[in-house]
Amino acid sequence: MEKYDIIVVGAGPAGLSFAEHIEDKSVLVIDRKKELGVPIKSSAATFADTLIDFELKDAVCHSSRGFRVILDNGYIKEFLYEKPVLYTLDFTKMIRILKKRMQKNCDILHPASVERISMDNGSIKSIETNENNFKADLFIDASGESRVLLKHLNSSYYRKQWLIHGLEYEVSKIDLNSTYFDFFFGNNLIPEGYCWVFPTGNTSARIGLGKLIPGRGGLRKIKLKDALQKFISSNVITAENFDNNNILEYHGGIMTYNKPLKNAYFKNCFVIGDAASQSSCLLGEGIRHSLRSGRELAIALNSFDLDFAKIYFQRYIDNNTKFFEYFPLFLQYFKIAPNWAILTLVKALSDYDNTNMLRLLRSEFKSSDFMKLLYTFPRNMI
Ligand SMILES: Cc1cc2nc3c(=O)[nH]c(=O)nc-3n(C[C@H](O)[C@H](O)[C@H](O)COP(=O)(O)OP(=O)(O)OC[C@H]3O[C@@H](n4cnc5c(N)ncnc54)[C@H](O)[C@@H]3O)c2cc1C
């Protein structure tokens with residue numbers, strides 16, 4: 001049985017960002033994928049600071065100076081900025097860039113699926129892949145929504161009914177206004193979810209939706225595909241002129257729209273990225289948060305002994321996931337509210353000025369901002 005100081009399960013943005021920054025320890029990163037970053041599950045839209053912070057400019061497909069909120073009743077609100085604010089990335093390219101930057105002390109093993117975990121007194125002792133067994137002092141769950149290690153440590157956290165399923169088409173040769181990223185809301189268009197058109201060039205885009213669908217399996221896929229077709233054939237979509245021949249790829253997966261995991265660690269295991277639901281409860285934006293949490297954990301372990309690293313990282317989680325706590329509220333609202341109420345809420349939110357709207361989109365709202373929203377809410381009836 002091979003032994004490492006640290007084993008990371010998952011070579012997505014969170015696990016690879018950790019591997020880029022961790023120093024002086026022997027590290028093994030394990031991923032079940034044959035080719036890392038393939039198949040793509042993500043729309044990979046992000047903000048300028050992700051590119052600067054993590055030097056990912058080479059993975060950019062397209063940049064836009066603004067975005068629009070579009071409702072199923074025809075309401076459109078535009079937000080335009082002086083400089084580009086939103087970017088689409090080539091997800092696979094980003095993963096390749098991150099993999100190249102892994103520290104020399106890090107090994108990577110893939111495809112290798114973690115299948116069994118041995119526990120000792122509540123701590124993880126070893127893990128078993130389809131071929132080998134590995135031991136480590138410390139484990140990191142960066143396995144996204146699979147939560148391979150977390151499932152054994154805190155099974156109650158994994159609540160399927162809070163997961164949002166996403167599906168999108170990557171399309172080319174279409175007519176679209178590539179100045180904007182478009183977000184669509186409304187029960188007539190997409191109940192319990194939202195749709196998007198994110199440009200990847202002047203005539204190409206990712207067209208998709210995220211929708212609450214309990215359960216897994218075939219039926220879910222059919223429902224998602226039907227919903228996406230409904231969106232594409234609706235009269236609100238802003239990209240036109242395409243049929244099945246324009247579809248280059250399908251992307252899909254689960255967005256962990258869960259309440260963030262409160263504990264950053266369980267005994268000898270830290271949980272980062274989507275595995276800890278560190279993605280935005282508003283729009284499922286998770287790449288920025290996963291990259292950050294991987295880096296922050298590495299910094300904590302480079303700088304402090306384990307006990308202090310736990311305190312440091314827990315503080316990071318507490319400070320950075322406050323907004324995500326509102327998730328159950330949003331979810332309940334979108335589940336039970338009639339269409340007029342949903343449209344009213346979205347319109348009230350989109351009445352913010354450009355700066356505040358960008359803060360909202362980036363999940364930087366505080367409780368005081370929500371109080372202001374409640375105050376203005378009745379005056380914004382559609
Ligand atoms: C449809 C959709 C659209 C999205 N759009 C956006 C967007 O526009 N912008 C944005 O910022 N975010 C978006 N996201 C979210 C974003 O993709 C995630 O937040 C991000 O990928 C999370 O990174 P991660 O490293 O935590 O997990 P992941 O990217 O999920 O990586 C986890 C890795 O763990 C591996 N793994 C899982 N189980 C095992 C196992 N048993 N053994 C070994 N390896 C395992 C997987 O193969 C995977 O490589 C979207 C998600 C979906 C589903």
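The following paragraphs describe the domains, sheets, ligand shell and local backbone features of a predicted model.

The domain assignment divides the protein chain into three parts, of which domain 1 comprises residues 2–39 + 92–159 + 258–324, domain 2 comprises 45–89 + 161–255, and domain 3 comprises 328–380. Where domain 2 and domain 3 touch, the contact takes 15 residues from domain 2 and 13 residues from domain 3. On the domain 2 side of this contact, the elements that contribute two or more residues are strand 5 (66–71) and strand 6 (76–80). By class, the residues on that side of domain 2 are nine nonpolar, four polar and two charged. Strand 5 and strand 6 are also crossed by helix 9 (residues 339–350), which lies across these two strands and strand 13 (180–185) and runs at about 155 degrees to strand 5.

Strands 5, 6 and 13 belong to an open sheet of seven strands with mixed pairing, in which the order is 6-5-13-14-15-12-16. The edges of this sheet are formed by strand 6 and strand 16 (247–255), each of which has a single partner strand, so that one side of each is left without a neighbour in the sheet. The average angle by which neighbouring strands of this sheet are turned against each other is 15 degrees, direction ignored. Within the sheet, strand 14 (residues 193–199) pairs with strand 15 (residues 205–212) in the antiparallel sense, and seven bridges connect them. In this pairing, Pro 199 is placed opposite Ala 205 of strand 15.

Another open sheet consists of three strands in the order 3-7-4, with antiparallel pairing. Here strand 3 and strand 4 occupy the edges, and because each has a single partner strand, one side of each is left without a neighbour in the sheet. Neighbouring strands of this sheet are turned by 30 degrees against each other on average, again with direction ignored. Strand 7 (residues 86–89) is paired with strand 3 over three bridges in the antiparallel sense, and Phe 47 stands opposite Leu 86 of strand 7. Strand 4 (residues 60–64) likewise runs antiparallel to strand 7, to which four bridges join it, and Ser 63 is found opposite Tyr 87 of strand 7. Strand 7 is covered on both faces, with Leu 86 and Thr 88 buried on one side and Tyr 87 and Leu 89 buried on the other.

The shell around the ligand includes 41 residues, among which Gly 12, Gly 144, Gly 166, Gly 273 and Gly 286 come nearest. At least three residues of this shell are drawn from each of domain 1 and domain 2. Among the secondary structure elements, helix 1 (13–21), strand 3 (45–47), strand 12 (164–171), strand 16 and helix 6 (287–303) each supply at least two residues. Strand 16, which stands at an edge of the seven-stranded sheet, gives the most to the shell, with five residues. The composition of the shell by class is 14 nonpolar, 19 polar and eight charged residues.

Several loops carry backbone features that depart from the usual pattern, in which most residues other than glycine have a negative phi and most peptide bonds are trans. The peptide bond from Val 38 to Pro 39 is cis, with omega near -5 degrees, and Pro 39 lies in the loop between strand 2 (27–30) and strand 3. A cis peptide bond also joins His 110 and Pro 111, where omega is about -5 degrees; Pro 111 is located in the loop between strand 8 (106–109) and strand 9 (114–120).

Positive phi values in residues other than glycine occur at Glu 55, where phi is near 45 degrees, and at Lys 173, where phi is about 55 degrees. Glu 55 is situated in the loop between helix 2 (48–53) and strand 4, and counts as exposed because it has 11 C-beta neighbours inside 10 Å. Lys 173, for its part, is placed in the loop between strand 12 and strand 13, and with 11 C-beta neighbours inside 10 Å this residue also counts as exposed.

Conventions. Residues numbered from 1 in each chain as written. Predicted model: local features only at pLDDT ≥ 70, side-chain atom pairs only at ≥ 80, totals over all residues. Domains from an automatic or database assignment. Contact = placed C-beta atoms within 7 Å. Nonpolar A, V, L, I, M, F, W, Y, C, P; charged D, E, K, R; others polar. Pairing = 2+ DSSP bridges. Axes fitted to C-alpha atoms, helices over the stretch in contact; angles between N-to-C directions. Near = placed C-beta within 6 Å. Buried ≥ 20, exposed ≤ 12 C-beta atoms within 10 Å, placed from the backbone.
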